[in-house]
Amino acid sequence: SAASDVYKRQIFNNLTGTRQHVGNYPGVTVEKKEGVCRYQEYEIKIVDLPGTYSLTAYSTEEIIARNFIIEEKPDVIVDILDASNLQRNLYLTTQFMELGVPLVLALNMADVAKARGIKFDLEKLSHFFGAPVIPTVGNRGKGMDELLEAIIAVATGKFKKKHMPINYGKELENEINNIEKIISEKKKNECRKYGARWVAIKLLENDEEVRRLFNSQEVLSEVDERARRLEKLFGDPPEIILADRRYGFISGACQEAVRSTVESRYTMSDRIDSI
């Protein structure tokens, strides 16, 4: 989830009620919560993954969330977004898109956003991010049936995924495609498991976990050479450029799909976020 653990926990509790089990992930003290939800004729197993804003392997929580998604291949990922602070929350969504996982977006705190005069074009957001977008108010239990219906639609293939893929620009795309070709020849099994494009992007981002998977010196040397070429061209390492392009995509999508009906005012929280 890209939202705070409070919002995530509210929605998890709304869906599972008392049908919950709490444990720990193997080898770490991070809490693992699972629950069951019965809706219509379906029984849905729900796992509450650690809250994170990114799938880059910097923290234990990020590694656990990413590995669970890749290894367990859940039928649906529910990405819980703070509707009142959407742009920052959508960074994780772009990484889910790169990973190619089945996705539902819960636009939580929709009441707070409405009170601030923020309006969303749900159809456009759905188009840009390739997922159903469901307004929810977790602390009041609103939107839960609609969320469950979207989960079932994605899991059963009734929702037809259509989205605009993120294009990182000619120079980056050329290097991503070249790395894809190299690793597809050297590590076919890993590419089938993770997706060659996602692996190529993570190698360019110097992701330590992914570099361990591709411990071929020939591959890593080639990636490093291409990363140096990009840094020389742009003046920043590839991980900075990729992050910048993701935020550019998010900004463009929000300009198209989000409207403010009142004069924008900076809250103290906004000022802190901008820093």
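Contact here means heavy atoms within 4.5 Å. In this predicted model, helix 6 (residues 144-155) lies across strand 2 and strand 3 and runs at about 90° to strand 2.

**The sheet**

The sheet is open and consists of 3 strands in the order 1-2-3, with antiparallel pairing. Strand 1 (20-24) and strand 3 (42-48) are the edge strands, each pairing on one side only. On average, neighbouring strands of the sheet are turned by 20° against each other, direction ignored. In a regular strand, side chains alternate between the two faces of the sheet.

The two strand pairings are listed below.

| Pair | Sense | Bridges |
|---|---|---|
| Strand 1 and strand 2 (residues 31-39) | antiparallel | 5 bridges |
| Strand 2 and strand 3 | antiparallel | 7 bridges |

Within these pairings, His21 has Glu34 in strand 2 as its bridge partner, and Lys33 stands opposite Asp48 in strand 3. Strand 2 and strand 3 form a hairpin with 2 residues between them. Gln40, in the turn of this hairpin, has a positive phi of about 55°.

**Helix 11 and helix 12**

Two packed helices are described by the angle between their axes and the distance between the axes. For helix 11 (residues 217-234) and helix 12 (residues 238-257), the angle is about 65° and the axes are 9 Å apart. On the helix 11 side, Ala227, Leu230 and Phe234 take part, and they meet Pro238, Ile241 and Arg245 in helix 12. By class, this contact has 5 nonpolar residues and 1 charged residue, with no polar residues.

Technical notes: Residues are numbered from 1 along each chain as its sequence is written. This is a predicted model: local features need pLDDT of at least 70, side-chain atom pairs count only at pLDDT 80 or more; totals for chains, interfaces and linings use all residues. Side-chain values use heavy atoms; hydrogens and water are left out. Axes are lines fitted to C-alpha atoms, for helices over the stretch in contact, and angles run from 0 to 180 degrees between N-to-C directions. Helices (H or I, at least four residues) and strands (E, at least two) are DSSP runs, numbered from the N terminus. Ala, Val, Leu, Ile, Met, Phe, Trp, Tyr, Cys and Pro count as nonpolar, Asp, Glu, Lys and Arg as charged, and the others, Gly among them, as polar. Two strands pair if DSSP finds at least two bridges between them.
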